[in-house]
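Colleague: Could you take a close look at one residue of this chain for me, and then set that residue against the chain as a whole?

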Amino acid sequence: MLCLKCGSEVGSIGELAAHVVRCPSQVNVLCPVCKERVATGQLLIHILQKHVSSSVCPLCRTRFKQSKQLLPHLREHFIAEIESKGGKKYICLICGRDFTSKRSARVHVLKAHEKGWKEERS
Ligand SMILES: [Zn+2]
Ligand SMILES: [Zn+2]
Ligand SMILES: [Zn+2]
Ligand SMILES: [Zn+2]
């Protein structure tokens, strides 16, 4: 697993989640597809615009019947579920913020990492 903030390789998704919370914030993060530095607020838009052709996920190659199913799926790649003392936690792998529900993590990704995206443009 690749830390999108500092670019270091971390063994598992659990280790990555623990790492990314402590990793210093960056203005730009690495695109997991092309490894270019992209503004944190634009990462999902960058992936959609640069790496999505038709309706295939560029990260796991899953094919969707409709392209609008792709964005909700893409968000899931950046949310890690971990067990902590206080119960389950959901970590945004782009910026390292943690959430107590998956729902709030999804809303966060949408608001923080897809700035300016209009669904109807797709
Ligand atoms: Zn890092
Ligand atoms: Zn890219
Ligand atoms: Zn995928
Ligand atoms: Zn985030």
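Modeller: Of the 122 residues in the protein chain of this predicted model, 22% count as buried, and the residue I would single out against that background is Gly-96, which counts as buried because 21 C-beta neighbours lie inside 10 Å of its own C-beta position, where the cut-off for a buried residue is 20 or more. Gly-96 sits in the loop that runs between strand S4 (87–92) and strand S5 (98–99). Once the neighbours within four places in sequence are left aside, the contacts of Gly-96 are with Val-20, Val-21, Cys-23 and Ile-91. Pro-72, by comparison, is 24 residues away from Gly-96 along the chain, and the C-alpha atoms of these two residues are separated by 19 Å.

Turning to the setting of this loop, the secondary structure of the protein chain comes to 4 helices and 5 strands, and these elements follow one another from the N terminus in the order α-β-β-α-α-β-β-β-α. If one considers the contacts in the protein chain with a separation of 6 or more, 39% of them are accounted for by residues 24 or more positions apart. As for overall dimensions, the C-alpha trace spans about 40 × 30 × 25 Å along its principal axes, and the radius of gyration of the protein chain is 14 Å, which agrees with the value near 14 Å that a compact globule of 122 residues would have.

How values were computed. Residues are numbered from 1 along each chain as its sequence is written. Chains are lettered from A and ligands numbered from 1 in the order in which they are written. This is a predicted model: local features need pLDDT of at least 70, side-chain atom pairs count only at pLDDT 80 or more; totals for chains, interfaces and linings use all residues. Helices (H or I, at least four residues) and strands (E, at least two) are DSSP runs, numbered from the N terminus. A residue is buried if 20 or more other C-beta atoms lie within 10 Å of its own, exposed if 12 or fewer, and partly exposed in between; C-beta atoms are placed from the backbone. Two residues are in contact if their C-beta atoms, placed from the backbone, lie within 7 Å. The radius of gyration is taken over C-alpha atoms; the globule rule is 2.2 Å times the number of residues to the power 0.38.
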